[in-house]
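Me: I am new to this structure and should be grateful for a close look at a single part of it. Please concentrate on one chain, explain the terms as they arise, and add whatever context is useful.

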Amino acid sequence: MDNIKPIKHLFTRAAFGMRFEDISDEKHLTTKAAVKQLFKTSDNSDPIDIIQDATDYTMLMKGDIGAKKMFLQEQRQQEKDLNLAWIDKMSKTDAQLREKMTLFWHNHFACRSNRASFAQQLNNIQRSNALGNFRTMVMEVSKSPAMLQFLNNQQNQKGHPNENFARELMELFTIGRGNYTEHDVKESARAFTGWSFNKDGEFKMRPFVHDDGQKTFMGKTGNFQGEDIINTLLERKETAYFISNKLYKYLVNETPDPAHVSAMADVFYNANYEIKTLLEYVFTADWFYDDKNTGNLIKSPVELLVGLNRQFYITYQKPEVLLLFERALGQVLFYPPNVAGWPGGRNWIDSSSLMYRIKIPSTLLNGGVIDFTGKADPEDEAYIATLHNQQQAVATKVQAQPDWDKFLNSIPKDASKMAIAQFMLAPKLNNTLINTVTQATDVKQMVIELVSTPEYQLC
Amino acid sequence: MKRRSFLKSSAIVSGAFMMPAFLKPLEAMAMSELSGYKNLVIIQLSGGNDGLNTIIPYGNDIYYQKRNTIAINKTDIVTLNDMQGLNPNLSALKEIYDQGWMNIINSVGYPNPDRSHFRSMDIWQTGSDANQFLTTGWIGRYLDSNCQNSYSAIEVDDTLSLAMKGAKMKGIAVQDPNKLYQTTREPFFKDLVHDHNNVDLNEDNLGYLYKTMIETYSSADYIQNTSKTYKVTADYPATPFANQLKTVSKFINSGLKTRVYYVSLSGFDTHVGQQNQQGRQLKIYGDGVAAFIKDLKQSGKLDDTLVMTFSEFGRRVEQNASNGTDHGTANNILIYGGKLTKPGIYNEAPDLATLDNGDLKYQVDFRDVYATLLDKWLNVNNSQILTRNFAGLNFV
């Protein structure tokens, strides 16, 4: 377990964390081999297909109150099903890198849709292109019914354009603020007039409402179509920089190093926006493994929950409990706060979310009990007794089943308590934690303590 | 997920904490020390409350033409003047209104309104323009510039709204002060916090997490030990919303040094069968607020308190085919307090004849309301907090 640090770092950033069982895998002997293996296991894209949309939406218009109520209930159920299906996929898949990047694109092309089938389709676009070509992904996202609906392109028609999609395409999806003018927004909106979808959710270009006049966009004039606008945006290197910068914040450090980001942008641009090429560059760069880039990112709530599920092989009899946690922690999948996505970083943390974050692991793993190894004063004793009394009730409510045998058996036999502790946490152990480890008599209890810390919030 | 079931289930996250705490009671602060400490209470009505069936423009025939099945009968309306009156479910507020403790500001909104719940709520909570995405809330930015403690802004809820989050400072969510306090009694957590008290906390993310944790501990301690010195004796209706206001009353009256309180009531997205649904929610709202205002009057705190109620948007002027209303734009804001300079109806009733594609045109920017609260109540220049300087209004 001595030279595990860089590979563990790779797993926390490119995947949802390293497990003890991954240590023995000889394919993880060097970071280079491990990077190769991460891509290999993510080769195939396996879509989510839990939502079979047979809903008759005309019922919503014609139906009586009872029919509408049933419709809304079904809609809510589908949203839940989709959310839980993705959490389950992230928690169990071998294609971790693909899911980790799907989560990135989910937040980059942030979208809400009240039709779960649309949301699922967009999610699958983000998944199938997660490691593919960014240009292809922008095209597909821009033609997806979820995004067309979300950014009002259905209302974008010749003569009275709706600029919402054109603006966000530039501001948030490709080139970023400061690199386009209001005039560019107006003209490009005209190019996207008529982009819409039919009742089956298929993309349709409606020529009757499309403005096929001359448009002047970023210095060029022509009868541009939407595709031309996207291509023009990707010809600009600022787009490669904008995406690289955002990806750097997701994978490396919240404070971007301009030199590293510029190098990424060069690689990305020269590779004609192949995402895999860019990621390989990042994961094999020396600076990716620098101390200042390790153990300093705040896990998103979904990364925290999925990481626990994977590390402890948790199964749920009542997976809906995960929705409660997502909500309490401020990240409900498919419900980003707005088209700019979740702001991330320290925005995840406030008094209440932090208290939930350090309490949720023991709630999932041990009915809410953190066995305390330090010296307890009388007040503590009473408190601990109360928790033990409630342990069964909490466990019954949560109905989560960690596989402790599998977890404990996967720990290398020669691993010291201190090595186990350092493996579980990304930052260095402070004195309190070192004491905790030293006093621990039981590995399971110690591990529950370790995952109930501020340190465990970092990756 | 239904909010109610979430609240119930979220108790399992924190465990349940029934054990009586061993606490050293603090003396209540002397009354003299407390008077003059101004509070702002924000009440958010989530879902887009239909302002036209809340403060009803019954004097305008267009109202009855556009809403033939969901208009409130003239005889049922609690009239305020010859144009506007209260929904009968708000009858408890009539006394508050007559005492001069209530302001109605009509037609509040913003340019290029967004009809999406969450986007418009975002705009209201951050104080942004319609095409601007801010990651901090307007109260959060007030905390950043003026406050040292997270308890300076308390949301009576389990989770914290964006409105309460600043870049450096964030408010604190406290549904039940005792429960929060008990959560912080976890021996292992106490150990972590205690051992970190004297070490140099870095500016990095780990330092930030520990600082937040330490701040949570001291706030939980302060809120619990201060608020338990006061017992609310006034009668409140038995609703979760009224209970939240009762908690705010306890906080205010116990002398908590908190500037802003935040409370929400949801269930206002009335696309279908509006009359019953909205009526139920308005009754919960009106009865709760009336009890709260009378309680504060009784305890001598009404002059130091200002209450503002808003919703993310109003609804369309014309009803839909399902006896409901769809998402609209401008809406009324309701203000309560003991020191209103111009109580009653502040400005003209909404113009139902000149519409923007079927929606009300806003007359007052909501940020002019915020600016008034910041400049004249919280004593901070609004241009420091909002995206630019707003002229403000004259209700205080």
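Reply: The account below examines chain B, then its contact with chain A, and then chain A itself.

This is a predicted model, in which local features need pLDDT of at least 70 and side-chain atom pairs count only at pLDDT 80 or more, whereas totals for chains, interfaces and linings use all residues. Residues are numbered from 1 along each chain as its sequence is written, and chains are lettered from A and ligands numbered from 1 in the order in which they are written.

Chain B contains 13 helices and 12 strands (DSSP runs numbered from the N terminus, with helices being H or I of at least four residues and strands being E of at least two). Of its 396 residues, 53% are buried; a residue is buried if 20 or more other C-beta atoms, placed from the backbone, lie within 10 Å of its own, exposed if 12 or fewer do, and partly exposed in between. Among the contacts in chain B with a separation of 6 or more, 70% are between residues 24 or more positions apart (a contact requires C-beta atoms, placed from the backbone, within 7 Å).

Strand 1 of chain B, residues 39-46, is a suitable place to begin. Seven of its eight residues are buried, so strand 1 of chain B is largely enclosed by the rest of the structure. Seven bridges link this strand to strand 9 (residues 305-311) of chain B in a parallel arrangement; two strands pair if DSSP finds at least two bridges between them. In that pairing, Asn39(B) lies opposite Thr305(B). Strand 1 of chain B is also joined by seven bridges to strand 8 (residues 260-266) of chain B, again running parallel. Here Ser46(B) has Ser266(B) as its bridge partner.

Another sheet in chain B is open, with three antiparallel strands in the order 2-4-3. Strand 2 (55-56) and strand 3 (78-79) of chain B form its edges; each has a single partner strand, so one side of each is left without a neighbour in the sheet. Strand 4 (residues 85-86) of chain B is connected to strand 2 of chain B by two bridges, and Gly85(B) in strand 4 is the bridge partner of Ile56(B).

Helix 12 of chain B covers residues 366-377. Its 12 residues reach 16 Å from first C-alpha to last, close to the expected 16 Å (the expected span is 1.5 Å times one less than the number of residues). Helix 12 of chain B is mostly covered, with 10 of the 12 residues buried; among them are Phe366(B), Tyr370(B), Leu373(B), Leu374(B) and Trp377(B). After this helix comes Asn379(B), which has a positive phi, near 55°.

Gly358(B) offers a contrasting setting. Its place is in the loop between strand 11 (344-345) and strand 12 (364-365) of chain B. Gly358(B) is exposed, with 12 other C-beta atoms within 10 Å. Leaving aside residues up to four places away in sequence, Gly358(B) touches Arg316(B), Val317(B) and Glu318(B). Thr329(B) is 29 residues from Gly358(B) in sequence, and their C-alpha atoms are 9.7 Å apart.

Chain B also meets chain A, in a contact that takes 50 residues from chain B and 53 residues from chain A. On the chain B side, the elements giving two or more residues are helix 1 (3-10), helix 5 (117-126), strand 7 (172-173), helix 8 (187-196) and helix 9 (205-227). Helix 9 of chain B gives the most, with 10 residues. By class, this side of chain B has 24 nonpolar, 15 polar and 11 charged residues (Ala, Val, Leu, Ile, Met, Phe, Trp, Tyr, Cys and Pro are nonpolar, Asp, Glu, Lys and Arg are charged, and the others, Gly among them, are polar).

For context, chain A has 23 helices and six strands. Buried residues account for 48% of its 459 residues. A compact globule with 459 residues would have a radius of gyration near 23 Å, and the 24 Å of chain A agrees (the radius is taken over C-alpha atoms, and the globule rule is 2.2 Å times the number of residues to the power 0.38). The C-alpha trace of chain A spans about 80 × 60 × 35 Å along its principal axes.

Methods. Contact = placed C-beta atoms within 7 Å.
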